[in-house]
Amino acid sequence: MTALTGTGALVRPWFRRDRIMVPIWVYAIVAAVVGTSVSFKGLYGTPEALREFTTGIRDNSGALAMYGEIYSQSIGGLTAWRFGAIGSALIAMMSVFVVIRHTRAEEETGRLELIGATAIGRQAPLAAAMIISAVASVVIAVFTAAGLVAAGMPAAGSLALALGQVGAGLVFTAVAACAAQLTDSARTARGIAMSVLGLAYLVRGAGDAGGASWLTWLSPVGWVTQIRPYAQNRWWVFALFLGLAAALAVVAFRLSERRDLGAGLFAARLGPAVGTLGGPVGLAWRQHRGALIGWTAGVVVYGAIIGGVAGGVGELVGDSSGTRDLLAKLSGSDADLTEAFLATVFGVGGIIASGFAVQAALRLRGEETGQRLEPILATGTGRILWALSQLLFAVLGTAAVLGGLGLASGLVYGLTEGDLTGQVPALLGAALGQLPAALVLGGVTVALFGFAPRASAAAWGVLAVCLFVSEFGELLKLPQPVRDVSPFTHSPKLPGGDVSATALITLTLAALALAAAGLAGFRRRDISG
């Protein structure tokens, strides 16, 4: 028996386990890329419109920081600009979730120890997880390339963009594999891998916005744009992805050999001899503070970029009536162009913040499956009190994330326009207006935890559906009843739009009802059910 014995035997059931999560990622990413390409064809149907828009992009440092440089004045070039860096980041996120789920999370729950007692080699679980992640990236790339070609894009450029997606997926599959060896916590491993992704995106953004191409070459996310799909189609850049992915994979397997099963390469720190938490609320704060700091820091950077872009939206769009109409429809108001743009991106920010709400609420299930809940309940702490202490930080943390988004964008935009006193409170209120909708996603997570605990992770799928419906419902002309499924459809479109107290109250009551139902189900069911 070798270290890789049984890899194939693990791949089959683990593919089956991912039969819902991975197809959702595949569909969402492919539909977003192809749908955006089709919409660009309708918006910029003439060479003059393309030239005006691409010139505006190159003169806007905020747009360059967020999406990257544009290398071709064509519909394909616009598509690669819009989804080159962001699409690769989404695929990287999927790869991180898949690899950590089948490696560190399985060790944390003790299931890999049972698997290891069979005729399964020591390295087989890691190899199987990396294979599943790599195959998922390849499937996304194949469907993306086929969809773009079907939409009328050149085949060579479509293939080049798809190879960039595969490359990003392979690199961050290996990054996640390395992160899984460093710590004994799946949450921490995900945090390490996502921090690497965030750093890579920031380095790429700094390089593109500042005209420092050498910085862009330091980031694998930047390599996706440096392939230059639909322009030069630099095929040799794909070799950089393969080389880095292979090197990191070797490191991951070597690290796996040097640690004990269930442990990380870095030993967990011992706690104090005398407890200092003071109760379930103190424990919950200790557990959530790291994630809260990371999420808030990320959205602050996002908000600062948005604030910098907002002032130049008029020049970026130019005389394109199609883009102006699309922004008006996405924002749901007849506000001016800048306000429509801000309302649209705050809608995206609300969905991002709901990711924290889902993650924080899923901590309930993580504590239960990690067998850390029963010792807490043995102290006399009730189930509902413990759960409420966790959910307190899910609510306050989501509000803090949205507050950071609003403050950062308001400060940067206010400084740009010379109107701090007006823009900071306006944009802070616009960001916090997304809070009720974000909490509905948290309520859905609690409801799943209470009644279908083994399906709690499906909350991420609900979030993906809301993201797709909210961001691409207008582009794809989805029926209004389908769009109404997303709570973000009913959020106020601020700044510039009207605030409906009825909608805010309804969303808040829905979040409370879902959470209350989930807690009632949790109270009645068995622990670790």
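## Helix α19 and its partners

Helix α19 and helix α24 (residues 501–524) pack with their axes 10 Å apart, at an angle of about 140°. This is a predicted model, so keep that in mind throughout. The crossing of α19 past α24 is right-handed. On the α19 side, the contact is built from R383, I384, W386, A387, L388 and L391, while α24 brings in L519, F522 and R523. Sorted by class, the residues where α19 meets α24 come out as 7 nonpolar, no polar and 2 charged.

Now for another partner of α19. Helix α21 (residues 435–451) also packs on α19, here at about 150° and with the axes 10 Å apart. Angles over 145 degrees count as roughly antiparallel, so α19 and α21 get that label. This crossing is right-handed too, with α19 passing α21. From α19 you get L391, V395, T398, A399 and L402, and they meet L435, A438, L439 and V446 of α21. The class count for α19 against α21 is 8 nonpolar, 1 polar and no charged residues. Note that L391 turns up in the α24 contact and again in the α21 contact.

## Two leucines on α19 and a distant alanine

Helix α19 spans residues 383–417, and L392 is found in it. Is L392 buried or exposed? Neither label fits: L392 is partly exposed, with a relative accessible area of 35%. Its C-alpha atom is 8.6 Å from that of A284, although the two residues are 108 apart along the chain.

L388 lies in α19 as well. At 45% relative accessibility, L388 counts as partly exposed. A284 shows up here again: L388 and A284 are 104 residues apart in sequence, with 9.6 Å between their C-alpha atoms. L388 is also one of the α19 residues in the contact with α24.

## The α1–α8 crossing

Over at the start of the chain, helix α1 (residues 7–17) comes up against helix α8 (residues 124–150), with axes that come within 9 Å and cross at roughly 50°. That angle makes α1 oblique to α8. As α1 passes α8, the crossing is right-handed.

Which residues do the touching? In α1 they are T7, L10, V11, W14 and F15, and in α8 they are A124, P125, A127, A128, A129, I131, I132 and V135. By class, this contact holds 12 nonpolar residues, 1 polar and no charged.

## Nonpolar cores

W14 from that contact has another role to look at. The largest nonpolar core has 64 residues, and W14, Y44, L78 and L342 touch the most other members. Helix α2 (residues 21–43) supplies the largest share of this core, at 10 residues. There's also a second, separate core of 42 residues, with V166, F172, V175 and L197 among them.

As background, nonpolar side chains in soluble globular proteins tend to be buried together.

## A buried serine and two positive phi values

S354 sits in helix α17 (residues 337–369). Its relative accessible area is 0%, so S354 is buried. What does S354 contact once its neighbours within four places in sequence are left aside? The list is A438, L441, L463 and F488. A438 is a residue you've already seen, in the contact of α21 with α19.

The loop between α12 (220–226) and α13 (237–257) holds Y230, and N233 lies in that loop too. Y230 has a positive phi near 70°, and it is a residue other than glycine. N233 isn't a glycine either, and its phi is positive at about 50°. Are these two buried or exposed? Y230 counts as buried at 11% relative accessibility, and N233 counts as buried at 13%. The cut-off in play is under 20% relative accessible area for buried.

## The whole chain

Stepping back, the protein chain has 24 helices and 0 strands. It has 529 residues, and 53% of them count as buried. Among contacts between residues at least 6 apart in sequence, 77% join residues at least 24 apart.

Methods. Residues are numbered from 1 along each chain as its sequence is written. This is a predicted model: local features need pLDDT of at least 70, side-chain atom pairs count only at pLDDT 80 or more; totals for chains, interfaces and linings use all residues. Side-chain values use heavy atoms; hydrogens and water are left out. A nonpolar core is a set of buried Ala, Val, Leu, Ile, Met, Phe, Trp, Tyr and Cys residues joined through side-chain atoms within 4.5 Å. Buried means under 20% relative accessible area, exposed over 50%, partly exposed in between (1.4 Å probe, protein chains only). Helices (H or I, at least four residues) and strands (E, at least two) are DSSP runs, numbered from the N terminus. Axes are lines fitted to C-alpha atoms, for helices over the stretch in contact, and angles run from 0 to 180 degrees between N-to-C directions. Angles under 35 degrees count as roughly parallel, over 145 as roughly antiparallel, 65 to 115 as roughly perpendicular and the rest as oblique. A crossing is left-handed if the near helix is turned anticlockwise from the far one by less than a right angle, and right-handed if clockwise. Contact means heavy atoms within 4.5 Å. Ala, Val, Leu, Ile, Met, Phe, Trp, Tyr, Cys and Pro count as nonpolar, Asp, Glu, Lys and Arg as charged, and the others, Gly among them, as polar.
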